[in-house]
Amino acid sequence: MQMARGLHQELTLGRKAGRGTIQVSYYHDNLARVVLAGGGELTVADMAAPTVPGSTANGILADTNTGSFRMVNAGYKAQGFNLLMTEPITPGLWVAVEYSTGAALAAPDGKKPMHLDMVSEELRPRSAQSATVALKGRVIHSGTQVRASYRWQPEGLVTAVNSYAAFSDQAYLSFFIRQPLRCGGILPQGLEATVDVTNLLEQGYRPVLSRDGRTLFLAQTPRVMQAGLAFNF
């Protein structure tokens with residue numbers, strides 16, 4: 001079993017601007033191993049696929065309940081700038097805008113699918129940019145916690161630009177809502193409903209062919225939809 005590994009170095013300058021803040025950062029990443037995410041129906045042969053010579057990939061970790069999988073790939077070096085601006089819009093809510101330059105692993109140009117056995121050879125670092133608009137905080141009167149964002153980057157990329165940035169784990173359209181449930185004393189105190197959605201529109205999917213020719217996909221973050229109840233004691 002292997003995990004992602006890397007070194008992130010960053011120099012940040014910031015100042016207040018009215019009620020908000022502005023931060024400008026320069027960073028340098030040396031990523032020894034990165035995790036690729038994907039989805040689709042894998043076979044035993046796919047999960048036992050031999051490692052490509054010279055690659056750090058060692059098989060696939062699959063989640064049969066959700067149809068997703070993870071695999072470790074050789075890393076890369078990247079550097080760039082990050083601009084983050086935040087501004088409160090109510091006493092409990094603030095909006096943020098983030099822009100990053102850098103690099104990420106990219107699939108080959110065009111619509112031709114990659115082959116699962118050859119992913120480590122076909123993916124290459126590519127210079128790119130990303131931009132994010134986010135809303136985060138709490139609605140005072142209802143107690144609702146909200147985090148909503150849209151993070152854009154070129155759809156041919158399968159890892160995040162500036163992967164250590166504040167919103168790098170929220171690909172494309174994503175949101176999280178946590179709402180306290182009150183029902184006239186019928187429900188216990190501290191009960192909350194949660195909804196957590198990542199990459200709602202399934203953007204950034206890149207086709208990959210399995211060993212028997214079925215189509216899988218790689219993505220910076222596959223679509224994930226979760227909901228449930230939480231108890232606070």
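**Note on pockets, strand pairing and confidence**

1. The lining of the largest pocket is mixed: 10 nonpolar, 8 polar and 6 charged residues. The model is predicted, and the pocket figures below come from its coordinates.

2. The volume of this largest pocket is about 520 Å³. Its lining counts 24 residues. Closest to the centre are Val35, Arg70, Ala160, Ser163 and Gln220. A docking reader may want these five in view when looking at the site.

3. Which elements give two or more residues to the lining of the largest pocket? They are β1 (5–17), β2 (20–39), β4 (68–88) and β10 (191–198). Of the elements, β2 gives the most, with 5 residues.

4. The second largest pocket holds about 310 Å³ of space. It is lined by 18 residues. Thr66, Ser68, Pro222, Arg223 and Val224 are the closest to its centre.

5. Two or more lining residues of the second largest pocket come from each of β2, β3 (61–63), β4 and β13 (224–231). β2 and β4 are named for this pocket and also for the largest one. By class, the second lining splits into 8 nonpolar, 6 polar and 4 charged residues.

6. β4 also takes part in strand pairing. It runs antiparallel to β5 (residues 93–106), with 7 bridges between them. The two strands make a hairpin, and 4 residues lie between them. One bridge joins Met85 to Val97 in β5.

7. What is the sense of the pairing between β5 and β7 (residues 124–138)? It is antiparallel, over 14 bridges. Here Glu98 has Thr132 of β7 as its bridge partner. β5 therefore pairs with β4 and with β7. As a general point, side chains in a regular strand alternate between the two faces of the sheet.

8. How far does confidence reach? The mean pLDDT of the protein chain is 88, and 93% of its residues reach 70 or more. Strand β8 (residues 145–152) has the highest confidence, at a mean of 96. Helix α1 (residues 44–47) has the lowest, at 71.

9. One stretch needs a caveat. Over residues 51–57, pLDDT stays under 50. The model still has 13 contacts for this stretch beyond four places in sequence. Where pLDDT is low, the predicted coordinates should not be read in detail.

Technical notes: Residues are numbered from 1 along each chain as its sequence is written. This is a predicted model: local features need pLDDT of at least 70, side-chain atom pairs count only at pLDDT 80 or more; totals for chains, interfaces and linings use all residues. Side-chain values use heavy atoms; hydrogens and water are left out. On a 1 Å grid over the protein atoms alone, a cavity is a set of points where a 1.4 Å probe fits but cannot get out, and a pocket is an open set with protein on both sides within 12 Å along at least five of seven lines; lining residues have an atom within 4 Å of a point. Grid points are joined across faces, edges and corners, and a volume is the space filled by probe spheres set on the points. Ala, Val, Leu, Ile, Met, Phe, Trp, Tyr, Cys and Pro count as nonpolar, Asp, Glu, Lys and Arg as charged, and the others, Gly among them, as polar. Two strands pair if DSSP finds at least two bridges between them. pLDDT is the predictor's confidence in each residue, from 0 to 100. Contact means heavy atoms within 4.5 Å.
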